[in-house]
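Hi,

Here is the structure I promised to pass on. Have a look at it first, and then read on for what I found.

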Amino acid sequence: MNLDAARNFRFEPVTHSYSRRDTMLYALGLGYGSEPLDQAQLNFVYERDLHAVPSMCCVLAHPGFWAKRPELGIDWLRLLHGEQSFEIHHPIPPEGTVTAGYEIAAVADKGTGKGAILHLVKTLNDAIAGVKLATIRSVLFLRGDGGCGSFGSVPTEASALPEQTPSQTLDIATLPQSALIYRLSGDYNPIHADPEAAGKAGFERPILHGLCTLGIATRAVLATLANGRPDRLGSLSVRFSRPVFPGETIRTEFFTIGGQIRFRSRVVERDVVVLDRGTIAVRD
C-alpha cells in the first residue's frame, strides 16, 4: 500500500435517496417478519408506523469498492472486513436522502508479512433535515500490506469476553435464501450467491454477508434489551470472527461486564463464534 496516498486520499461525498420499500427490504434480509403476529417485528417490515433498523446506517450511501483504486496500491484481493461499529446520533428515517463523508482515519502497520489494519470512518447525515444521523467505523485487515507504515490515532481494542454463562440469549434462524434477499440492499459480491465464486474464495457454499450477521445481532439487541425500540440503541461495535452459512441459527449472548453490556454471536449448529468482542450502549 502507498501510505502517503492513503493518508491524503479524499473521497467524493456520496448522496443516496432511499424509499420505505428499501427499508422494509433491508429488514426482510435480517429475517424480520418471521413472527407475523409480533407487532415489534411488523414495525420494521410494514409501512404503517415503519421504523428503520439502526444497523441500516452501515449500508446507506456506500462509496463503492474504493480499495481497488490503483493509486492506493492496496492488495485488495487479500482484504478482510475485521470489525464494524456504529453510533446513532439521530434515528435513521424510514425514507429520505442521506449524504455520507468518508475518511481513512488511521493505518496501523503490523509488520512485514503480518498485514496492516485500516480504519475507515463514515459520517452519515440527513440531507433534508441537515442533522448528523450516525458515525460508522469499518476496520479492514489488509493481509498483504504489512510493512507499509502507520499514521493516525487507533481506537483502543475491545477486550476479550470471559468464558462465563450469559445473562440472556436470543436465537434467530436465518433462511437458506437469506443472503439472496440481503444482497438486494446493495452488496452484490458473488460469494454470497454463486457457488462457484464462493468455492474460489475457499468456502464450501455461498456465505452470509458479515453486515447481515451484524444486522441480525442488532435485531437481537432490540428485541432483548430495547423492547423493540430502535431509538434506544445508542451504539454497537463488534469483531467479525467466522462466516455464517445461510440457513444456520445465530445465537446472540449478552453479558454485563464492568458496567458495560457486551455480546457475542455464535452459530448454534456448529457451535462457532461468528461475532466477538461486541459492546452495546442502550438508552433508557
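To start with a small puzzle: in which strand is Arg 277 found? The answer is S10, which covers residues 272-282. Please keep in mind that this is a predicted model.

I picked Arg 277 because its backbone caught my eye, and its burial is worth a look too: the relative accessibility is 19%, and under 20% counts as buried, so Arg 277 falls on the buried side. As for that backbone, phi is positive at about 55°, although Arg 277 is not a glycine.

Asn 227 has a positive phi as well, near 55°, and is again a residue other than glycine. Its setting is a loop, the one that links H6 to strand S7 (233-240). Is Asn 227 buried or exposed? With a relative accessibility of 65%, and the line for exposed drawn at over 50%, Asn 227 is exposed.

Now the overall picture. The protein chain contains 6 helices and 10 strands. Its radius of gyration is 18 Å, close to the 19 Å that the globule rule gives for 284 residues, so the chain is as compact as a globular protein of that length. If you want the outer dimensions, the C-alpha trace spans about 55 × 45 × 45 Å along its principal axes.

Some numbers on how the chain packs: 46% of the 284 residues are buried. Taking contacts with a separation of 6 or more, 71% of them are between residues 24 or more positions apart. On the outside, the chain exposes about 13,500 Å², and carbon and sulfur atoms supply 50% of that. There are 29 positive and 30 negative charges, and the mean positions of the two sets are 3 Å apart.

Next, the inside. The largest nonpolar core has 73 residues, and the ones with the most contacts inside it are Trp 66, Ile 104, Leu 118 and Leu 124. Which helix gives the most to this core? That is helix H6 (residues 210-225), with 9 residues.

Leu 124 is a good one to click on. Setting aside neighbours within four places in sequence, Leu 124 is in contact with a list of residues that includes Cys 57, Leu 60, Ala 61, Ile 92 and Val 98. Also among them are Lys 132, Leu 133, Ala 134 and Ile 136.

Back in helix H6, you will find Thr 224. Thr 224 has a relative accessible area of 21%, and since buried means under 20%, it counts as partly exposed. Beyond its neighbours within four places in sequence, Thr 224 is in contact with Gln 168, Leu 170 and Phe 254. For a sense of distance, Thr 224 and Ile 117 are 107 residues apart in sequence and 33 Å apart in space, C-alpha to C-alpha.

One last stop is Gly 73, in the loop between helix H3 (39-42) and strand S2 (79-88). What does Gly 73 touch, not counting residues up to four places away in sequence? Its partners are Met 1, Asn 2 and Asp 145. Gly 73 is partly exposed, at 40% relative accessibility. Measuring C-alpha to C-alpha, Gly 73 and Gly 111 are 17 Å apart in space, with their positions 38 residues apart in sequence.

Cheers

Note on methods. Residues are numbered from 1 along each chain as its sequence is written. This is a predicted model: local features need pLDDT of at least 70, side-chain atom pairs count only at pLDDT 80 or more; totals for chains, interfaces and linings use all residues. Side-chain values use heavy atoms; hydrogens and water are left out. Helices (H or I, at least four residues) and strands (E, at least two) are DSSP runs, numbered from the N terminus. The radius of gyration is taken over C-alpha atoms; the globule rule is 2.2 Å times the number of residues to the power 0.38. Buried means under 20% relative accessible area, exposed over 50%, partly exposed in between (1.4 Å probe, protein chains only). Contact means heavy atoms within 4.5 Å. Accessible areas come from the Shrake-Rupley method with a 1.4 Å probe; for residues, only the protein chains shown count as cover. Lys and Arg count as positive and Asp and Glu as negative; His and the chain ends are not counted. The place of a charge is taken as NZ of Lys, CZ of Arg, CG of Asp or CD of Glu. A nonpolar core is a set of buried Ala, Val, Leu, Ile, Met, Phe, Trp, Tyr and Cys residues joined through side-chain atoms within 4.5 Å.
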